[in-house]
Amino acid sequence: MMKQLTLYILALFFFACKKEGGLPAVTGMAPAVLHSSATEVSLRADDRKGLALQLIWDEASPESALPMAQSALKNKVEIAADASFAAIAKSTEQVAASLSYTHEQLNSLVLGMGFVPGEKKNIYVRIASRLGANVDWVYSNVVAVAVTPYEPVQEAAYLYIANKDLTQFPWKLCSRKEDGFYDGFAKLDQWYNFYLTNEESASAPVIYGSYPLDGSQYILYSGADRWNCWTSKGGYLYISADVNKMTWKETAVESLTVAGDFNGWSATATPMQYDQSTKVWKATITTTAVEKWGIKVLINGSWTWFFGASESEGGCALYTADGNGFAYNQVGTHTLVLDLSDPKAFKYRVE
């Protein structure tokens with residue numbers, strides 16, 4: 001018991017806190033010293049994912065008669081619209097001694113603070129540090145950064161595939177979940193040069209190309225010095241673009257095949273043919289009874305990449321895992337038509 005009490009007293013002595021009647025282990029603390037990568041930032045909608053501002057600081061240093069573990073130190077970054085910090089707009093606990101903001105992140109922050117797009121105004125930043133919950137915060141120097149925000153760009157439901165001259169927009173991708181991931185299908189030549197735009201216009205607010213560096217073909221980039229994107233494959237392609245990761249991909253669609261009870265769920269027996277003039281796929285199907293489990297359209301013969309059941313009438317959903325087929329109630333010989341031209345709502349009909 002005496003040994004445990006002794007250890008407890010030593011721990012209190014080691015970790016700090018002035019207390020009446022005791023000897024202080026921490027006699028003070030030198031505040032953090034804050035640095036900023038810029039004192040003025042003009043935020044850009046065309047470089048939303050690029051680095052706009054970096055905050056770095058020399059951590060606060062406890063003044064102690066005994067060794068002090070730096071890991072006990074707590075830091076938070078405080079940002080305000082006035083130098084007095086009467087109202088703190090954002091407070092972020094931070095383990096590392098740095099914090100970065102992209103153009104998009106900083107723009108969202110300052111607009112939330114009431115800044116007006118196109119008008120320059122200061123934000124004020126400081127670091128608050130302390131060693132424990134019962135110790136007062138110690139504040140760093142205050143850094144002022146003049147920030148000019150931009151009018152926020154709403155994520156479009158579509159990204160349009162534009163030719164290199166930005167005069168034609170023959171295909172489009174869709175973010176069906178509105179999560180920044182876009183995909184769709186397009187019939188393109190090999191080495192086709194293109195951009196992705198959020199409007200069918202050469203003056204679209206956002207125009208993605210590829211990053212201007214050899215070997216960066218599949219990295220999206222919206223800066224003025226962007227290169228155009230280009231396809232390595234040709235033919236009917238599945239194209240996806242992730243504006244969160246700033247990447248895009250292409251996959252050749254070598255076949256679409258219909259599978260159901262009518263053909264013993266064969267992955268190869270009933271291929272579809274692409275009609276270039278109408279941009280639809282077609283297959284002739286002969287059934288002797290209603291398809292009890294519906295039918296599926298397999299991509300490249302895959303049971304884990306296919307078109308199946310959808311909640312909408314006449315619609316079919318793109319699956320990347322097992323799922324149900326879409327309804328097919330006709331009996332006899334008919335033509336199944338699959339329309340993938342609008343990736344927001346893949347459709348089928350029976351003729």
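**Exercise 1.** Find Tyr211 in this predicted model: which loop holds Tyr211, and is Tyr211 buried, partly exposed or exposed?

*Solution.* Start with the strands on either side: β16 covers 207-210 and β17 covers 220-221, and Tyr211 sits in the loop between them. Next, take the relative accessible area of Tyr211, which is 35%. Buried would need under 20% and exposed over 50%, so a value in between counts as partly exposed. Tyr211 is therefore partly exposed. Finally, look at its partners: together with Leu213 and Ile219, Tyr211 makes a nonpolar surface patch of about 260 Å².

**Exercise 2.** Work out which strands stand at the edges of the open sheet that contains β22, β23, β27 and β28.

*Solution.* Write down the order first: β22-β23-β27-β28, with antiparallel pairing. Now count partners at the ends. β22 (273-275) and β28 (347-350) each have a single partner strand, so each has one side with no neighbour in the sheet. Ignoring direction, neighbouring strands here are turned by 30 degrees against each other on average. Then zoom in on the pair β23 (280-287) and β27 (332-339): eight bridges link them in the antiparallel sense. To check the register, see that Thr286 is opposite Thr333 in β27.

**Exercise 3.** Do likewise for the open sheet with β21, β24, β25 and β26: which strands are at the edges?

*Solution.* The order runs β21-β24-β25-β26, again antiparallel. β21 (256-259) and β26 (317-319) are the edge strands, because each has a single partner strand. From one strand to the next, the twist averages 30 degrees. Inside the sheet, two bridges connect β24 (296-299) with β25 (306-308), running antiparallel. For a landmark, use Val297, which stands opposite Phe307 in β25.

Definitions and conventions:
Residues numbered from 1 in each chain as written. Predicted model: local features only at pLDDT ≥ 70, side-chain atom pairs only at ≥ 80, totals over all residues. Heavy atoms only, no water. Patch = residues over 30% accessible without salt bridge, like charges linked within 9 Å, V, L, I, M, F, W, Y side chains within 5 Å. Areas by Shrake-Rupley, 256 points an atom, 1.4 Å probe, with all protein chains shown as cover. Salt bridge = Lys/Arg side-chain N within 4 Å of Asp/Glu carboxyl O. Helix = DSSP H or I, 4+ residues; strand = E, 2+ residues; numbered from the N terminus. Buried < 20%, exposed > 50% of the residue type's maximum accessible area, 1.4 Å probe, protein only. Pairing = 2+ DSSP bridges. Axes fitted to C-alpha atoms, helices over the stretch in contact; angles between N-to-C directions.
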